[in-house]
Amino acid sequence: MIAVVGHPDLTAPTLQMVEEELRRRLAEFARAGKAGLVRAGQGLPVAFGRAARAAGLALVTVLPTRNGVPDVLESSDRRAAGELLLLSEQVRLMEYDPADRGACVGADENLMRSCARVLAVWDGSPSDGRDATAHLVAFARSSGVEVEVLWPDGASRRG
């Protein structure tokens, strides 16, 4: 499995660049029979899902549950989750609260434990109260998961 993590505030042009780069990189994983794993949400997860589909990589999307029942995502993530479900070959349910940042970080950590590689769309900045990308990169590396950092020339984040 290959997972993706990254900044939640990538600009639209950056998401386009990242999607193109992911498509190129995921093609080799598709040929090797691997699968991509993503937690449902807007922005980078959708770019990863589109790139996986275009590259022929099987996609697994993770949705939140509470007490075994699918939970409602924030309104900004619902449309993205719907697109990811259409792109996915498999859906996994995971117990976490999508409105709780700590629970989302914990869900990402759990996902990375089942992966051989993590693609990190990361500019190298430290984690803060909104963005846990640096933490997730460090967690994956300390867990023995191979991390590949993607930050295309000209990439930027919303101010």
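## Long-range contacts and two nonpolar cores

Among contacts in the chain between residues at least 6 apart in sequence, 77% connect residues that lie at least 24 apart. Please keep in mind as you look around that this is a predicted model.

Let us begin with the overall layout. Five helices and seven strands make up the secondary structure of the chain, and along the sequence they follow the pattern β-α-β-α-β-β-α-β-α-β-α-β. A compact globule of 159 residues would have a radius of gyration near 15 Å, and the 14 Å of the chain agrees with that. Along the principal axes, the C-alpha atoms fill a box of roughly 40 × 35 × 30 Å.

Some values for the chain are gathered here.

| Property of the chain | Value |
|---|---|
| Residues that count as buried | 52% of 159 residues |
| Exposed area | about 7800 Å² |
| Share of the exposed area from carbon and sulfur atoms | 48% |
| Separation of the mean positions of the 19 positive and 21 negative charges | 3 Å |

Now to the interior. The largest nonpolar core has 30 residues, and those touching the most other members are Leu22, Leu26, Leu44, Phe48, Leu59, Leu119 and Val121. Two or more residues of this core come from each of these elements: strands S1 (2–6), S3 (58–66) and S6 (117–121), together with helices H1 (12–31), H2 (44–55) and H3 (75–87). Apart from this core lies another one, of 24 residues, which includes Leu37, Met94, Leu111 and Val145.

Leu59 is a good residue to click on in the largest core. Setting aside neighbours within four places in sequence, Leu59 is in contact with Gly36, Val38, Phe48, Gly49 and Ala52, and also with Leu84, Leu87, Ser88, Glu89 and Gln90. One of these partners, Phe48, is also listed among the core residues that touch the most other members.

A loop residue makes a nice last stop. Ala132 sits in the loop between S6 and helix H5 (133–142). Is Ala132 buried or exposed? Its relative accessible area is 10%, and residues under 20% count as buried, so Ala132 is buried. Not counting residues up to four places away in sequence, Ala132 touches Arg101, Val105 and Ser127. Glu83, by contrast, is 49 residues from Ala132 along the chain, and their C-alpha atoms are separated by 24 Å.

Note on methods:
Residues numbered from 1 in each chain as written. Predicted model: local features only at pLDDT ≥ 70, side-chain atom pairs only at ≥ 80, totals over all residues. Heavy atoms only, no water. Helix = DSSP H or I, 4+ residues; strand = E, 2+ residues; numbered from the N terminus. Rg over C-alpha atoms; globule rule 2.2 N^0.38 Å. Buried < 20%, exposed > 50% of the residue type's maximum accessible area, 1.4 Å probe, protein only. Contact = heavy atoms within 4.5 Å. Areas by Shrake-Rupley, 256 points an atom, 1.4 Å probe, with all protein chains shown as cover. Lys, Arg positive; Asp, Glu negative; His and termini not counted. Charge placed at Lys NZ, Arg CZ, Asp CG, Glu CD. Core = buried A, V, L, I, M, F, W, Y, C linked by side-chain atoms within 4.5 Å.
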